[in-house]
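Here is a friendly walk through a protein model, written for someone who would rather be at the bench. Keep the structure open beside you and follow along.

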Amino acid sequence: MSKVPSITDVDVAGKTVLVRADLNVPMDNGHVTDTVRIDRFAPTVTFLADKGARVVIISHFGRPNGIRTPAMSLEPIAAALTTSLGRDVKFVEECVGEVAEKAVWAMRDGDIVMLENLRFHAAETENSDTFAQRLGVFSDIYVNDAFSCTHRAHSSTYAITKLLPSYAGLSLKAELDALDAVLGAPKRPIAALVGGAKVSTKITVLEALIPSMDAIIVGGGMANTFLLAKGFPIGNSLAEPDYVHTANQVMAIAEQNDCEIVLPVDLVVSEEFAAGAANETIPVGQDPGERMILDVGAASITDLTDRMSKLKTLLWNGPLGAFEIDPFGDGTFAVANAAADLTKQGKLITVAGGGDTVAALNQAGVSDDFTYISTAGGAFLEWLEGKELPGVAALTDQD
Ligand code: AMP
């Protein structure tokens, strides 16, 4: 269990609680198109309001770079949170200064307000103490419930914790506990499935995972560079020849650490990166000619499913193929379904994260069946890399 202090440890009745959320949700034409982040945040708000706190919600949205940008207002998000909570969330057009202060002073116990986009002020991303003071002036307690923002030291995730007693919200605590369960004292054997486009963007993740994993399953475009390193032909596939040396090093370090590197045994190849393109499954070692590797084949799916049935824990980041383009998502979806089935049977703990991974698992229809899916992109990867997350450290290291 994570050692971060939680809102369940403190009496919030009658207190003004400043809650940092990540409400940077997908929007189209002023309408929220995906409410996952809002729905995951809602229980923290309900918990605090039910305990009699005055709940003041802050968040960023988009990258307005310090400029008030109406298209990046949080107003539609306050409306979506009202719907999700089934109770009123009052929207306030500023996050600091007189307008914000007046609105907060007028609150009663159990009231909820949402302040305007933090990033309308450039000072927010500069981790300014002065901006944190302006934000904290009306609050008794600070709560961070935005795991996906904890890899950034900003005024609302870091400087503020030096001014107010600070706690993790329910969703941040749940996320940290789920991640701790995987890398803290995991049930073994444990494997990481690391897929995606390029070795270069995941090299630090691979290196950091090797000492704690029994196996690393490499998939997607990344696997092509590993196949190249092993001397197998990859045709016109996406690969990074400059990283062949790195791939060889990863395999050598893995061997020293008793961590098996698992590569595909067969490949789906096609001339075109297009939906419905003609394709063929070939074994690794057979020359794809002018074609590209776009997915793993049926034998790889069987191999991975077999391996998963012997695991206790699986960590997943990155797709096994170009899953957005039909039929090259088949490998990712089949393996995701097998992992979900084992999880439902109580045989496997499955923790996944990262933007594309969440999209792929959603598309596979297994999002509700994994043990935990992190919607955080950068923070999830930095956590995988073993980096300290400043927003989490700030909560743990309070005097
Ligand atoms: P990443 O953001 O690194 O996790 O990469 C995800 C992207 O990698 C997705 O958009 C996939 O379509 C892409 N991808 C996975 N496998 C392949 C492949 N074999 N060839 C080209 N793109 C791929």
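## Strands, helices and open spaces

Let us start with one residue pair: valine 194 has asparagine 317, in strand 15, as its bridge partner. You are looking at a predicted model, by the way. The two strands involved here are strand 9 (residues 190-194) and strand 15 (residues 313-317), which pair in the parallel sense over 5 bridges.

Zooming out, these strands belong to an open sheet of 6 strands with parallel pairing, in the order 11-10-9-15-16-17. At its edges sit strand 11 (260-262) and strand 17 (372-374), each of which pairs on one side only. On average, and ignoring direction, neighbours in this sheet are turned by 15 degrees against each other. Helix 10 (residues 330-344) lies across strand 9, strand 15 and strand 16 (349-353), and runs at about 145 degrees to strand 15.

There is a further open sheet to find. It has 6 strands in the order 5-6-4-1-7-8, again with parallel pairing. Strand 5 (90-92) and strand 8 (166-168) are its edge strands, each pairing on one side only. Neighbouring strands here are turned by 25 degrees against each other on average, direction ignored. Within this sheet, strand 1 (residues 16-20) and strand 7 (residues 141-144) pair in the parallel sense over 4 bridges. If you want a landmark there, valine 19 stands opposite valine 143 in strand 7.

Helix 2 (residues 75-85) packs on this sheet, where it touches strand 4 (54-58), strand 5 and strand 6 (112-115). The direction of helix 2 makes about 155 degrees with that of strand 6. Helix 3 (residues 97-105) also packs on the sheet, touching strand 1, strand 4, strand 5 and strand 6. For helix 3, the angle of about 155 degrees is to the direction of strand 5.

How is the chain divided into domains? The domain assignment gives domain 1 (7-173) and domain 2 (186-384). Their centres, taken over C-alpha atoms, are separated by 36 Å. The contact between them takes 9 residues from domain 1 and 10 residues from domain 2.

Now for the open spaces. Here are two pockets, set out by volume and lining.

| Pocket | Volume | Lining residues by class |
|---|---|---|
| Largest pocket | about 510 Å³ | 15 nonpolar, 12 polar, 4 charged |
| Second largest pocket | about 400 Å³ | 5 nonpolar, 12 polar, 6 charged |

The largest pocket is lined by 31 residues, and the closest to its centre are Gly196, Ala197, Gly221, Pro319 and Gly321. Strand 14 (292-296) is among the elements that each supply at least two lining residues, along with helix 7 (220-229) and helix 11 (355-364). Strand 14 gives the most, with 5 residues.

Of the 23 residues lining the second largest pocket, Asn24, His60, Arg63, Arg119 and Arg152 are the closest to its centre. The lining of this pocket draws at least three residues from each of domain 1 and domain 2.

Finally, a look at enclosed space. The count comes to 1 cavity of 30 Å³ or more, and the largest cavity has a volume of about 40 Å³. Its lining includes Ile217, Val218, Ser300 and Asp303. By class, that lining has 8 nonpolar, 1 polar and 1 charged residues. Strand 10 (215-218) and helix 9 (298-309) each supply at least two of the lining residues, and helix 9 provides the largest share, 3 residues.

Note on methods:
Residues numbered from 1 in each chain as written. Predicted model: local features only at pLDDT ≥ 70, side-chain atom pairs only at ≥ 80, totals over all residues. Heavy atoms only, no water. Pairing = 2+ DSSP bridges. Axes fitted to C-alpha atoms, helices over the stretch in contact; angles between N-to-C directions. Contact = heavy atoms within 4.5 Å. 1 Å grid on protein atoms, 1.4 Å probe; cavity = no way out; pocket = protein on both sides within 12 Å on 5 of 7 lines; lining within 4 Å. Points joined across faces, edges and corners; volume = space filled by probe spheres on them. Nonpolar A, V, L, I, M, F, W, Y, C, P; charged D, E, K, R; others polar. Domains from an automatic or database assignment.
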